[in-house]
Amino acid sequence: MSREAVDLSVPEIQGWTEAQCHEFLVEVRFGSRETVSCPHCGSVHRHYWRGHDNRWKCAFCGKTFSITSGTVFAHRKRPLKDLLTGMLMWINSAAGQPALELKRHLDTTYNTVFVWQQKMREGLVRGYNVGLLSGDIEMDGAHQAGRRSKEKRGVPQVSRPVETGAEEKGLTEMMLTQTGRMKANRKKKESGAFDPEFGRKLPKDRRILFAVRKRSGRPGKGAVATRVAVGLSETSPVAEAILKDFVAMPESWLNTDTSPAYQELGRRFMDHRTVEHSKEFSGPKGQNNNQAEEYNWRYDRAEKGIYLNIEPKYLLDYAVETAFRSDTRRLPNGKQLKLALHVAMSVGESLFWKGYTRGHHRKVELIHPAPQPAPASGPPKGTDPRRRMDARPPR
């Protein structure tokens, strides 16, 4: 709420020229014009500037490049001012921002702003959600799933085609008792991973979102760093794979709930403190994992209040966005934008969203302990479930 929390505004960016927007991104990506790095050969130099087309020519390999070459925003078509304005609006939204809302703000196409946002999330997944944490660590797993994502994805909500044999199906369901219907629905839904903690199969779209957070060590300052991962179940092998990727275990303390997934792993830490949530939020000696629970609350707010139907395949992308927002919540919005853009422009060209609107979709779901195949969502490009004609279906 303070004035210091806002050091960059939309009217300020709108008042910039394209050259000023370019200088802003030069500072974000390279630091200065003296240390420009060629994305083709990697040489760092004051390369030859060609002002007539806003590109550099490398002093060593002779190839040309722009401020977005070799980044997730490569091959852009919109002006830099629109890109910066859209990304600042995305940063300014405390819990997240729907692409439809940003489309209305910028008066551009939905595909443009949707891919912008997803490329920022990809940059954070590849450049921010990496590295080892050490010290006082909290970890927790929360059940998450896209809200009716499979039902909504790529299907018009106004005029769904009538299924073949719908009358017979409806008659059969009417003949079932309430208990029979509940049993049939449960059998249809429970086709995912087995959850040993509760002794049953999870729904097919159910995922466990793991939050690993490092405490600041200062009262009232919360967590200072967050890593997130997605698994099919909260089991010891999944938790071990996540901790190996994100935590220096021998020099850290672990704080969890009493889930059996962490009992054996806790012995590899300097100490393992647990709290039984069915009885208390904090143990008699102050044991808790409140920072991990706080992250779960932030993600719930983003999913249920903003994004609504996150597909399990892209759950990690939105989870990392929430982690970034939580970790940088005390920074001014201009610094948040610079940090997010610097990370996104430092991971190379997009691997997941380049050519997305032309049907090139990510083929894997990023989960631990190993990615698994995931088909493209929605009907194939060029088919519309509403009518028999060659038209692009709604996302």
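Reader: What makes Arg 325 a charge that lies over the face of Trp 90?

Author: In this predicted model, Arg 325 is placed 4.8 Å from the ring centre of Trp 90. The cut-off for a charge over a ring is 6 Å, together with an angle within 35 degrees of the ring normal, so 4.8 Å meets the distance part. Arg 325 is listed as lying over the face of Trp 90.

Reader: Where does Arg 33 lie, and at what distance?

Author: Arg 33 lies over the face of Trp 49, at 4.5 Å from the ring centre. That value, too, is within the 6 Å limit.

Reader: Let's turn to rings that meet other rings. Why are Trp 16 and Phe 24 called a tilted pair?

Author: A search of the whole structure gives 11 aromatic pairs, and Trp 16 with Phe 24 is one of them. Their centres are 5.4 Å apart, and a pair needs centres within 6.5 Å. The planes make an angle of 45°; stacked would be under 30 degrees and edge-to-face over 60, so this pair counts as tilted. Both Trp 16 and Phe 24 are buried.

Reader: Which residues form an aromatic cluster?

Author: Tyr 110, Phe 114, Tyr 314, Trp 353 and Tyr 356 form one together.

Reader: Which residues touch the most other members of the largest nonpolar core?

Author: Phe 24 and Leu 341 do, in a core of 64 residues. Helix α3 (residues 80–92) gives the largest share, eight residues. Phe 24 itself touches Leu 8, Trp 16, Leu 84, Leu 337, Lys 338 and Leu 341, leaving aside residues up to four places away in sequence. There is also a second, separate core of 19 residues, which includes Phe 210 and Tyr 262.

Reader: How do you know that the length of helix α2 agrees with its number of residues?

Author: Helix α2 (residues 18–29) has 12 residues, and at 1.5 Å a residue it should span 16 Å. Its end C-alpha atoms are 16 Å apart, so the two agree. Among the buried residues of α2 are Cys 21, Phe 24 and Leu 25, and their cover includes β3, β4, α3 and α12. Just after α2, Gly 31 has a positive phi of about 100°.

Reader: Finally, why is Ser 233 called buried?

Author: Ser 233 has a relative accessible area of 8%, and buried means under 20%, so the label fits. Ser 233 sits in the loop between β10 and α9. Its contacts include Ala 193, Phe 194 and Phe 210.

Note on methods:
Residues are numbered from 1 along each chain as its sequence is written. This is a predicted model: local features need pLDDT of at least 70, side-chain atom pairs count only at pLDDT 80 or more; totals for chains, interfaces and linings use all residues. Side-chain values use heavy atoms; hydrogens and water are left out. A nonpolar core is a set of buried Ala, Val, Leu, Ile, Met, Phe, Trp, Tyr and Cys residues joined through side-chain atoms within 4.5 Å. Buried means under 20% relative accessible area, exposed over 50%, partly exposed in between (1.4 Å probe, protein chains only). Helices (H or I, at least four residues) and strands (E, at least two) are DSSP runs, numbered from the N terminus. Contact means heavy atoms within 4.5 Å. Rings of Phe, Tyr and Trp (its six-membered ring) pair if their centres lie within 6.5 Å; planes under 30 degrees apart count as stacked, over 60 as edge-to-face and the rest as tilted. The expected span of a helix is 1.5 Å times one less than its number of residues.
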